[in-house]
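Work through the exercises below with the sequence and the model side by side. Try each task before reading its solution.

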2 protein chains.
Amino acid sequence: MNRGLLLVLSGPSGVGKGTVCSELRRKQDDLIYSVSATTRAPRQGEVDGVNYFFRSREQFQDMIARDALLEYAEYVGNYYGTPRDFVERTLDSGKDIILEIEVQGALKVKEKFPEGVFIFLVPPSLEELKERITGRGTEAADVIDNRMSVAVEEMNLIRYYDYAVVNDEIDAACHRIQCIITAERCRKDRFLAGLAAKKETSEKA
Amino acid sequence: MNRGLLLVLSGPSGVGKGTVCSELRRKQDDLIYSVSATTRAPRQGEVDGVNYFFRSREQFQDMIARDALLEYAEYVGNYYGTPRDFVERTLDSGKDIILEIEVQGALKVKEKFPEGVFIFLVPPSLEELKERITGRGTEAADVIDNRMSVAVEEMNLIRYYDYAVVNDEIDAACHRIQCIITAERCRKDRFLAGLAAKKETSEKA
């Protein structure tokens, strides 16, 4: 059996990673979603173990010490990380998994999984990004300014990614990502690996 | 403006390249289709300038001499080739073009366009391929045997391609190819080249 695809969806703060990822989960039910751990407080409606594993700083630092995280980063005062175990087990079972993570974390995953598929979600424009960050209405002005300057820096990291998907419209962005998944499943190396695995299985039988 | 994508659809004799490509043209109307030149006789219903440019051996050899072909190959006694001019002009205009060509020709195109997207159409099985070649009912037994052994050799050339698309069902194969086109349009390098071109245009204005 072929190992699953590791897909990483990232992009600057405020670009709409969460919204696109939720819609993608609804549309593409053969895709496993990696739940991140975080020390930030839950936003309204967020559920522990579904949106994130909400952890205290002490709990999180214990996970770091046990090397139980594939990547972690501190971002605007909070830790975010990807539990390693679940990702490895999903890939080994032949299923595809998607990680929705911050730009810094994505690059750490890339060090460990260079064969992953790295998708950068791009805002239609920087003006639009500022509007989205402001529009959320949950942060103070200085927090917004901080988030905007972080976002602009993050945009420069697009060069380490495989794909750029413009989030002009959620359905359109989802469609592009679904196409990327289908295309990556058709990669020749993947096809040949599948053939070799099939041959091995039939020779054993 | 970005240069168009060069897509090459190839695969072993009898796999159904023509049928898939026709269906793709119907579904994806922003894709320009490269018409090949050939010295083989038209099959029933084939139209000169639409399915192929049907040429005499003398005319074809003149095109070779004038270097007017991007690739050409002799295959089961007939010449097949891709007029160069039309491909170059289409790409320069920013439009995507698809070439449906034999496996040998595709590899010659790859020498000249390593940045092209090379898609190998795969039969569901070799048994299925033989059935399709036989089922066409227009060739003698020794011609069928010859085509089968050529097809098996051609299958080995899949390693030079980017994608493997199984032609189990025409609609499904078309969908996969359409996804590959969408995904390739989202490639980060293409996105950044587009940004750079836009910036240049606005600085000139």
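The exercises that follow deal with a predicted model.

**Exercise 1. The contact between the chains**

Task: Describe the contact between chain B and chain A by its residues and its buried area.

Solution.
- Step 1. Take the residues. Chain B gives 21 residues to the contact, and chain A gives 21 residues.
- Step 2. Take the area. The two chains bury about 1,800 Å² between them. Carbon and sulfur atoms account for 71% of it.
- Step 3. Find the main contributors. Of the area that chain B buries against chain A, 30% comes from B:Cys186, B:Lys188 and B:Phe191, more than from any other three residues.
- Step 4. Add the polar side. There are 10 residue pairs in polar contact between chain B and chain A, both residues being at pLDDT 80 or more.
- Step 5. Locate the elements. On the side of chain B that touches chain A, strand 9 (163–166), helix 7 (170–185) and helix 8 (188–204) of chain B each give two or more residues.
- Step 6. Pick the largest share. Helix 7 of chain B supplies it, with 7 residues.
- Step 7. Sort by type. This side of chain B has 13 nonpolar, 2 polar and 6 charged residues.

**Exercise 2. A salt bridge across the chains**

Task: Why does the salt bridge of B:Arg187 and A:Glu184 join two chains?

Solution.
- Step 1. Check the distance. The closest N and O atoms of A:Glu184 and B:Arg187 are 4.0 Å apart.
- Step 2. Place both residues. B:Arg187 lies in the loop between helix 7 and helix 8 of chain B, and A:Glu184 lies in helix 7 of chain A, so the pair joins two chains.
- Step 3. Compare with the cut-offs. Buried means under 20% relative accessible area. A:Glu184 has 9% relative accessibility, so A:Glu184 counts as buried. B:Arg187 has 22%, so B:Arg187 counts as partly exposed.
- Step 4. Set the pair in context. Chain B and chain A have 2 salt bridges between them. Over all chains the count is 38.

**Exercise 3. Salt bridges within a chain**

Task: Which parts of chain B does the pair B:Glu88 and B:Arg3 link?

Solution.
- Step 1. Confirm the pair. B:Glu88 and B:Arg3 form a salt bridge, with their closest N and O atoms 2.8 Å apart.
- Step 2. Place the partners. B:Glu88 sits in helix 3 (residues 84–92) of chain B, and B:Arg3 in the segment before strand 1 of chain B. They are 85 residues apart, so the pair links distant parts of the chain.
- Step 3. Judge exposure. B:Glu88, at 25% relative accessibility, is partly exposed. B:Arg3, at 33%, is partly exposed.
- Step 4. Turn to chain A. A:Glu46 forms a salt bridge with A:Arg40, at 2.9 Å between the closest N and O atoms. A:Glu46 is partly exposed at 21%, whereas A:Arg40 is buried at 9%.

**Exercise 4. Helix 8 of chain A**

Task: What covers the buried residues of helix 8 of chain A?

Solution.
- Step 1. Describe the helix. Helix 8 (residues 188–204) of chain A has 17 residues. Its first and last C-alpha atoms are 24 Å apart, close to the 24 Å expected.
- Step 2. List the buried residues. They are A:Lys188, A:Arg190, A:Phe191, A:Gly194 and A:Ala197.
- Step 3. Name the cover. It includes strand 7 (96–100) and helix 7 of chain A. It also includes strand 8 (117–122) and strand 9 of chain B.

Key: Residues are numbered from 1 along each chain as its sequence is written. Chains are lettered from A and ligands numbered from 1 in the order in which they are written. This is a predicted model: local features need pLDDT of at least 70, side-chain atom pairs count only at pLDDT 80 or more; totals for chains, interfaces and linings use all residues. Side-chain values use heavy atoms; hydrogens and water are left out. Contact means heavy atoms within 4.5 Å. Buried area is the accessible area (1.4 Å probe) that two parts lose on being put together, summed over both. A salt bridge is a side-chain nitrogen of Lys or Arg within 4 Å of a carboxyl oxygen of Asp or Glu. A polar contact is a pair of N or O atoms within 3.5 Å; within protein, one must be able to donate a hydrogen and the other to accept it, and residues adjacent in sequence count only if both atoms are side-chain atoms. Helices (H or I, at least four residues) and strands (E, at least two) are DSSP runs, numbered from the N terminus. Ala, Val, Leu, Ile, Met, Phe, Trp, Tyr, Cys and Pro count as nonpolar, Asp, Glu, Lys and Arg as charged, and the others, Gly among them, as polar. The expected span of a helix is 1.5 Å times one less than its number of residues. Buried means under 20% relative accessible area, exposed over 50%, partly exposed in between (1.4 Å probe, protein chains only).
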